[in-house]
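Thanks for coming. I will go through one structure today, starting with the whole chain and then taking the helices in turn.

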Amino acid sequence: RLQLIRRRRELTQVQLATQAGMTSTVLSRLENGEQTVSAERLADIARVLGISLDYLCGFEQGELPYAEP
């Protein structure tokens with residue numbers, strides 16, 4: 001789901017990774033299911049993409065906006 005959303009937002013892996021505070025290698029491995037990251041890092045990705053963490057993780061079907069905790 002991450003890769004699909006990133007592409008819909010017309011972001012490269014480098015752009016998203018930089019804005020979320022990680023390397024593009026980590027993001028690539030995350031998109032390919034080769035690595036996991038902390039909930040905090042996932043929240044950073046969701047914030048950059050403007051979506052809810054639940055949607056990013058597949059718990060919600062509709063694309064909900066990111067809400068600051």
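A residue is called buried here when its relative accessible area is under 20%. By that cut-off, 32% of the 69 residues of the chain are buried. Please keep in mind that this is a predicted model.

First, the overall layout. The chain has five helices and zero strands, so to read it along the sequence is to read α-α-α-α-α. About 4,400 Å² of the chain is exposed, and carbon and sulfur atoms supply 47% of that area. Take the contacts between residues at least 6 apart in sequence: 38% of them join residues at least 24 apart.

Now to a pair of helices. Two packed helices are described by the angle between their axes and the distance between the axes. Helix α2 covers residues 13-20 and helix α3 covers residues 24-31. Their axes come within 8 Å and cross at roughly 110°. How do α2 and α3 lie to each other, roughly parallel or roughly perpendicular? Angles from 65 to 115 degrees count as roughly perpendicular, and α2 and α3 are therefore roughly perpendicular.

Which residues meet there? From α2 there are Gln13, Val14, Leu16 and Ala17, and from α3 there are Ser24, Leu27, Ser28 and Glu31. Sorted by class, this contact has four nonpolar, three polar and one charged residues.

Glu31 comes up again with the salt bridges. The structure holds two of them. In one, the side chain of Glu31 meets that of Arg6, with 2.6 Å from N to O. Arg6 is in helix α1, residues 2-8, and Glu31 is in helix α3, so this salt bridge ties together parts that are 25 residues apart in sequence. Are these two residues buried or exposed? Both Glu31 and Arg6 are buried.

The side chains of Arg41 and Asp44 also form a salt bridge, at 3.5 Å from N to O. Here both residues lie in helix α4, residues 39-49, and they are three residues apart, about one turn of the helix. Arg41 has a relative accessible area of 28%, which means that it is partly exposed. Asp44 has 19% relative accessibility and therefore counts as buried.

Staying with α4, what else is buried in this helix? Besides Asp44, the buried residues are Leu42, Ala43, Ile45, Ala46, Val48 and Leu49. The buried residues of α4 pack against α1, α2, α3 and α5, the last being residues 53-57. After α4 comes Gly50, with a positive phi near 75°.

That leads to another backbone angle. Most residues other than glycine have a negative phi. Glu10 is not a glycine, yet its phi is positive, about 55°. Where is Glu10? It sits in the loop between α1 and α2. Glu10 has a relative accessible area of 70%, so it is exposed.

Last, a residue back in helix α2, namely Thr18. Thr18 counts as exposed, because its relative accessibility is 59%. The C-alpha atoms of Thr18 and Val48 are separated by 10.0 Å, and these two residues are 30 apart along the chain. Val48, as listed earlier, is one of the buried residues of α4.

That is the end of my part. I can take questions now.

Terms used: Residues numbered from 1 in each chain as written. Predicted model: local features only at pLDDT ≥ 70, side-chain atom pairs only at ≥ 80, totals over all residues. Heavy atoms only, no water. Axes fitted to C-alpha atoms, helices over the stretch in contact; angles between N-to-C directions. Helix = DSSP H or I, 4+ residues; strand = E, 2+ residues; numbered from the N terminus. Parallel < 35°, antiparallel > 145°, perpendicular 65-115°, else oblique. Contact = heavy atoms within 4.5 Å. Nonpolar A, V, L, I, M, F, W, Y, C, P; charged D, E, K, R; others polar. Buried < 20%, exposed > 50% of the residue type's maximum accessible area, 1.4 Å probe, protein only. Areas by Shrake-Rupley, 256 points an atom, 1.4 Å probe, with all protein chains shown as cover. Salt bridge = Lys/Arg side-chain N within 4 Å of Asp/Glu carboxyl O.
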